[in-house]
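Please look at the chain displayed here and follow its strands and helices while you read. The report begins with a turn and then moves outwards to the sheet and the cores.

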Amino acid sequence: MSLQIYHNPRCSKSRKTLEIIQDAGVEPAIVLYLRDSPQATEILEIADKLGKPVADLLRRGENEFKEATDLPDLANDAALAAWVAAHPIVLERPIVVDTDSGKAVVGRPPENVSELLG
């Protein structure tokens, strides 16, 4: 099993999700997405693995989202993914991807990761 977690260490849900993964004996690849922002293509791939449009991966309560003056049409996945790549704070967290199966889950609640752990 090869898991990758888009992680924000300051987020309690992200920390709990990582803990559940590690307690299951899996050491995931940790992507500190606020420091190493995913590219637009990666965001599109994540949305595809989740079976959701990019708009569903947004933290709409974040000031950066609410105050955005350059926000593209929320129905335009490609443009929105490029915008999220430039504003990673608005990306939902944590997101866990099983790179072997191509499946992904959002760790809200953290127990959602159990779907990937079998």
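## A hairpin, a sheet and two cores

Strands β3 and β4 form a hairpin with four residues between them, and in this turn G102 has a positive phi of about 80 degrees. Most residues other than glycine have a negative phi, and most peptide bonds are trans. The model is predicted, so that local features need pLDDT of at least 70 and side-chain atom pairs count only at pLDDT 80 or more, while totals for chains, interfaces and linings use all residues. Residues are numbered from 1 along each chain as its sequence is written, and side-chain values use heavy atoms, with hydrogens and water left out.

Helices (H or I, at least four residues) and strands (E, at least two) are DSSP runs, numbered from the N terminus, and two strands pair if DSSP finds at least two bridges between them. The hairpin strands, β3 (residues 95–98) and β4 (residues 103–106), run antiparallel and are joined by four bridges, with V97 standing opposite A104 of β4. Both belong to an open sheet of four strands, which has the order β2-β1-β3-β4 and mixed pairing. Its edge strands are β2 (29–31) and β4, each of which pairs on one side only. At the other end of this order, β1 (residues 3–6) and β2 pair in the parallel sense over three bridges, and Y6 stands opposite V31 in β2.

Two cis peptide bonds are listed in the table.

| Residues joined | Omega | Place of the proline |
|---|---|---|
| R93 and P94 | about -15 degrees | P94: loop between α4 (77–86) and β3 |
| R108 and P109 | about 5 degrees | P109: loop between β4 and α5 (114–117) |

A nonpolar core is a set of buried Ala, Val, Leu, Ile, Met, Phe, Trp, Tyr and Cys residues joined through side-chain atoms within 4.5 Å, where buried means under 20% relative accessible area, exposed over 50% and partly exposed in between (1.4 Å probe, protein chains only). The largest such core has 22 residues, and among those with the most contacts inside it are Y6, I46 and I95. To this core α2, α4, β3 and β4 each supply at least two residues. A second, separate core has 10 residues, including I5, L18, I20 and V96.

Which residues, leaving aside neighbours within four places in sequence, is I95 in contact with? Contact means heavy atoms within 4.5 Å, and the partners of I95 are Q4, I5, Y6, I46, L50, V105 and V106.

Finally, E42 lies in helix α2 (residues 40–50), and E42 counts as partly exposed because its relative accessibility is 25%.
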